[in-house]
Structure formats: C-alpha cells, structure tokens
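This report introduces a structure to a reader who has not met it before. The sequence and the coordinates are shown first, and the description follows.

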Amino acid sequence: MPQIAQIAETYASQIFWMLLTFGFVFFVIGLGMVPKVQATADARDAKITGDLDAAKAAFARADEAEADYRARDAENRAAVQATLARAKAEAAKVAEGQLAAADAEIASRIGAAEARIQAASQAAMAEIETVAAEAARDMVARISGVQASDEAARNAVKAALAHG
Amino acid sequence: MAESGKIDPMHQFAIEPLFGTDHLSLGGFNIAFTNSALYMVAAAVVLWIFVVGGMKRELVPGRWQMAVEYMTGFIKSLLIANVGEGGKKYIPYVFSLFMFILLANLLGLLPLGLFGLHPFTFTSHFTATGVLAILSFSIVLAVGFYKHGLHFFSLFVPHGTPLPMIPVIFPIELVSFLVRPFSLGLRLFVAMTAGHVLLKVLAGFVINSANAGVGYGLTVGSASFILMIGISALEVLVAVIQAYVFALLTSVYLNDAENLH
C-alpha cells in the first residue's frame with residue numbers, strides 16, 4: 001500500500017502542498033470570492049422579498065381604494081335616490097293641484113251647462129204651454145163655438161200638464 | 001510494475017515526484033512537486049475557475065452563476081441547519097473544504113487513463129485527508145475554547161448525567177471527541193481507496209480474462225465490465241457523499257464548539 005509504504009519520504013511534501021493548495025482555496029476562494037457570491041444571492045433574496053412586500057402593499061392599497069369607491073358609490077346612489085323620491089313627491093303634489101283645479105273647472109262648466117239646459121227646458125216648457133193653450137182655445141172654439149178666455153185655457157193646460 | 005499480465009491495483013496510489021523536483025526541500029523536509037501535488041493544484045485551479053464564473057454578480061443569474069450560488073447556498077443551509085444563524089461565518093471554510101474534496105474525488109475519477117495519463121486521487125492518502133481533518137478539528141478546538149473557555153470541557157459531560165457517573169462518562173466522551181479527527185480523515189481515505197482498488201481489480205479481471213481466451217473474456221470479462229460500469233457510477237456518488245459527509249461532520253463538530261450541548 002503506497003500510502004503507508006511511501007509515508008516516510010512523502011509525508012512532508014503531501015502536507016506542504018496540501019497546506020499550500022488548501023490555503024489558496026480557503027484564503028483566495030473561500031474568504032475572497034464566496035462572500036461576494038453569497039452577498040449577491042442574499043441581495044437577490046432581499047430584493048425578491050422587498051418586491052413581494054411592495055406588491056402585497058399595493059394589493060392592500062387597491063383593495064382599500066375599491067372599498068372606498070364602493071362606499072362612495074353607495075353614498076351617491078342613496079343621495080340620488082333621495083333626490084329622485086323628493087322630485088317624485090313634488091311632481092305628484094303639483095299634478096294633484098293641477099288635477100284638482102281642472103276638476104273644479106270641469107265641475108263649474110258642467111254646472112253652467114246644466115243651468116243652461118235647465119233654462120232651455122223651462123223655456124221650451126213655457127213655449128209648449130202657450131202652444132197647448134192656443135190649441136186648446138182653438139179646439140174649444142171649434143167644438144163649442146165659445147171663445148174661451150186666454151187665462152182659462154192657460155189654467156186648463158197647466159192642470160192637464162201637471163196631471164201628465 | 002512492469003511485469004506483464006500482472007496488474008497491481010495499488011500502483012495507482014504511488015506518489016511520484018514530477019518535473020525533476022525529487023530533491024526540492026524546505027527546512028530539511030522534502031517537498032517534491034509530486035503527482036499528488038499536481039492534482040491538489042488542479043483541484044484548486046478548477047475550483048477557482050468554477051467560482052470565478054459565478055462572480056458576475058448579476059441580479060438575474062446565468063447558468064454558471066446559478067450553479068455557484070447553488071453550491072454556496074447549499075453550504076449555507078447546511079451550516080444553518082446544523083449550527084444555526086451563528087454558523088454563517090463558517091461558510092468560507094466549509095465551502096472550501098467541501099468543494100476541494102469534491103473536486104479532488106471527481107478529478108481522480110476522470111478516465112484520463114484513456115489518454116495515457118495517470119489519474120490520481122489525493123483524497124485516497126491519509127497524509128492529505130489527515131491535514132484537512134486536523135485543520136477542522138483545530139478550528140473546532142480554537143472556536144470552542146475561544147467562545148467558552150474552560151467551560152468547553154462541559155461538552156464531555158452530557159446534560160442530566162448523574163454525579164457518580166461523571167468520572168466514567170467524562171473519559172468516554174473525551175476519547176470519542178479525540179477520535180474525531182482520525183475518523184474524519186480515515187473515513188475519506190478508506191472510502192476513496194476502497195473504491196479505486198475495486199475499480200482497478202475489476203479492470204484487471206477484464207484484461208486478464210480477455211488475455212486468457214475468448215471464452216473467459218466473454219464470460220468473466222464482460223460480466224466484470226458491466227459490474228465496473230455500475231461501480232463507476234457508484235464511485236461518482238461516493239465521491240459526492242464523502243465530500244458531503246466531511247463537510248457535514250465538520251459543521252456538526254462546529255455546532256458543538258459554537259453552542260456546546
């Protein structure tokens with residue numbers, strides 16, 4: 001086994017070169033370069049966590065803004081609804097007033113018309129009495145040859161009309 | 001081993017000085033630049049290239065940067081899971097440890113033999129794994145005594161130990177603690193050595209049976225070859241798992257030092 005057979009003549013060389021090469025590895029690579037590599041990786045990790053946190057915060061802000069928007073939207077809706085209701089009530093009141101005025105006018109017109117009709121029918125009735133009295137006097141004169149007075153004829157007609 | 005027809009499965013672990021540096025020495029110690037050292041340098045350079053590709057530091061990473069950040073993130077989560085938030089300061093060390101061992105294991109598995117080169121796995125040498133194990137253990141000791149002072153010894157007295165049991169428990173816990181660097185280093189060395197020996201033995205079966213005749217080649221040789229394919233895949237897995245185990249145990253031990261029990 002050369003490891004044991006050669007130990008006397010090689011141990012010093014082995015230890016010397018081992019210390020030299022591993023010293024180079026440790027001091028130049030391990031201490032000189034590895035911390036820089038590690039720092040880069042750490043910086044990247046920190047950046048990723050920072051970016052993620054920022055994104056999370058932005059999400060929260062967006063949610064907040066949306067909630068705010070929703071609240072304002074609801075508020076506006078309520079305000080609009082109230083205005084609308086008020087306007088509706090006002091319009092209804094105005095319409096009611098107008099309707100009442102129109103009703104009154106229509107009623108007065110109907111009253112006037114009825115009065116005119118009443119007057120016309122009375123006039124017509126009077127006309128009929130005169131005509132009937134005239135006719136009654138003619139009938140009396142023709143049948144009996146007696147000239148009935150105007151008043152008597154009129155009374156007779158009135159009585160007949162009253163009895164229907 | 002030049003004997004024809006004989007394949008030495010241990011030859012792959014032989015350390016050979018390269019580029020005529022046999023007698024290079026420092027303070028009386030031989031520090032020849034060997035094939036083992038070459039693979040250590042290769043692992044360090046490959047790791048450097050890998051991490052440099054991840055240094056673009058872009059916010060949206062490319063594939064390479066993603067791969068490097070995945071590895072550092074993996075070590076980071078390993079340390080946070082085992083040590084807690086205080087474990088983050090060990091990322092450079094555990095990352096270096098894990099990646100260096102992982103690349104050493106994987107580079108040693110490359111089929112460079114096809115191009116006439118001799119792949120070498122320096123993690124199959126306890127002289128190499130031992131250095132890493134002792135390093136990890138020393139850091140655990142240093143952190144433990146620096147953070148807790150002599151109170152660190154309470155690590156060897158688990159919570160709720162009855163008073164008369166302490167003289168018995170303390171030495172047991174102490175020994176199990178002191179064995180850690182050995183188990184840490186030997187586990188990696190044994191796993192890598194065993195896997196490479198197994199692959200070489202099976203490869204020897206394929207070559208020797210094919211040389212022995214068509215009948216042997218088709219039966220023993222092809223069966224061994226199919227087995228080798230499976231075991232090669234298993235060895236890649238073992239390479240990753242052993243690097244992970246080393247890093248995991250180091251972070252578990254660091255947890256003891258950082259938080260006691």
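Helices and strands are here DSSP runs: a helix (H or I) has at least four residues and a strand (E) at least two, with numbering from the N terminus. On that basis, chain B of this predicted model contains six helices and two strands. Read along the sequence, the two kinds of element in chain B follow the order β-β-α-α-α-α-α-α. Chain A, by contrast, has four helices and zero strands, and its elements run α-α-α-α from the N terminus. The radius of gyration of chain A is 63 Å, well over the 15 Å that the globule rule gives for 164 residues, so chain A is more spread out than a compact globule.

The table sets out the overall values for each chain.

| Property | Value | 
|---|---|
| Span of the chain A C-alpha trace along its principal axes | about 195 × 35 × 15 Å |
| Box of the chain B C-alpha atoms along the principal axes | roughly 70 × 55 × 45 Å |
| Buried share of chain A | 17% of 164 residues |
| Buried share of chain B | 43% of 261 residues |
| Area exposed by chain A | about 11,700 Å² |
| Area exposed by chain B | about 13,200 Å² |

Carbon and sulfur atoms supply 64% of the exposed area of chain A, and they supply 74% of that of chain B. Within chain B, 65% of the contacts between residues at least 6 apart in sequence join residues at least 24 apart.

An unreviewed UniProt entry lists "transmembrane region" for residues 36-55, 90-114, 126-146, 197-219 and 225-254 of chain B. Two of these segments may be compared with the model. Residues 36-55 of chain B are 85% helix and 0% strand, with the end C-alpha atoms 29 Å apart. Residues 225-254 of chain B are 100% helix and 0% strand, and their end C-alpha atoms lie 43 Å apart.

One residue of chain A merits separate attention. Glu129(A) belongs to helix 3 of that chain, which covers residues 34-144. Which side chain of opposite charge is nearest to Glu129(A)? It is that of Lys158(A), at 4.3 Å. A salt bridge requires a side-chain nitrogen of Lys or Arg within 4 Å of a carboxyl oxygen of Asp or Glu; Glu129(A) has none, although it is buried. Leaving aside residues up to four places away in sequence, Glu129(A) touches Val157(A), Lys158(A) and Leu161(A).

Methods. Residues are numbered from 1 along each chain as its sequence is written. Chains are lettered from A and ligands numbered from 1 in the order in which they are written. This is a predicted model: local features need pLDDT of at least 70, side-chain atom pairs count only at pLDDT 80 or more; totals for chains, interfaces and linings use all residues. Side-chain values use heavy atoms; hydrogens and water are left out. Buried means under 20% relative accessible area, exposed over 50%, partly exposed in between (1.4 Å probe, protein chains only). Lys and Arg count as positive and Asp and Glu as negative; His and the chain ends are not counted. Contact means heavy atoms within 4.5 Å. The radius of gyration is taken over C-alpha atoms; the globule rule is 2.2 Å times the number of residues to the power 0.38. Accessible areas come from the Shrake-Rupley method with a 1.4 Å probe; for residues, only the protein chains shown count as cover.
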